[in-house]
Amino acid sequence: MVKHVVARLEDLPPGSRKIVDVAGVSIGIFNVRGELFALRNRCPHQGGPLCEGLQWGLLESSSPGEFSYSRQGEILTCGWHGWEFDLRTGQSWCDPERLRVRAYDVRVESVTPPPADIPPGRVMGPYVAETYSVAAEGNYIVVELRRTHRRAGDAR
């Protein structure tokens, strides 16, 4: 699994959304009352920009004249034809047996900021090469290796 940093938490306050490109895929990230959701920004009906649609809640009725409104902001409506999708699961409300949109795992993690001396346009990778102390002593360059214990069978 490859992780992609898409925003800082303070850039996505509760009640907001951000549409990002992740490896060529448009994804909408939503902050609903502090809970984060991510859906592919493509309606499975006709390919519309789903994540630009309106967010609603769930209106339910147990009997005529009685209703309750819940899950405020968790139902996303495609702006093209009004098809509704659950932000938690990607499941459609118009054809739940057949239609869904891809939902992605999203979470907040601490990321170590890059050192200040990285040139613009460069990004630190996840790998770190082993480094050694180097010093000039007289007319010689000296590399200092830390002494480690060798295991049986290790090459010298």
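Helices (H or I, at least four residues) and strands (E, at least two) are DSSP runs, numbered from the N terminus. This is a predicted model, where local features need pLDDT of at least 70, side-chain atom pairs count only at pLDDT 80 or more, and totals for chains, interfaces and linings use all residues. Residues are numbered from 1 along each chain as its sequence is written, and side-chain values use heavy atoms, with hydrogens and water left out.

**Exercise 1.** Place Ser16 and describe its surroundings.

Solution.
- Step 1: Ser16 sits in the segment before β1 (17-22).
- Step 2: Ser16 counts as buried because its relative accessibility is 19%; buried means under 20% relative accessible area, exposed over 50%, partly exposed in between (1.4 Å probe, protein chains only).
- Step 3: A polar atom of the Ser16 side chain lies 2.5 Å from the backbone oxygen of Pro13.
- Step 4: Leaving out residues up to four places away in sequence, Ser16 touches Ile29, Phe30 and Asn31 (contact: heavy atoms within 4.5 Å).

**Exercise 2.** Describe how β1 joins β2.

Solution.
- Step 1: β2 covers residues 25-32 and runs antiparallel to β1, with six bridges between them (two strands pair if DSSP finds at least two bridges).
- Step 2: Val22 stands opposite Val25 in β2.
- Step 3: Two residues lie between the strands of this hairpin, and Ala23 takes a positive phi near 50 degrees.

**Exercise 3.** Place Thr77 and list its contacts.

Solution.
- Step 1: Thr77 belongs to strand β5 (residues 66-77).
- Step 2: Thr77 is buried, because its relative accessible area is 11%.
- Step 3: Not counting residues up to four places away in sequence, Thr77 touches Leu50, Gly53, Leu54, Trp56, Gly82, Trp83 and Glu84.

Notes: A polar contact is a pair of N or O atoms within 3.5 Å; within protein, one must be able to donate a hydrogen and the other to accept it, and residues adjacent in sequence count only if both atoms are side-chain atoms.
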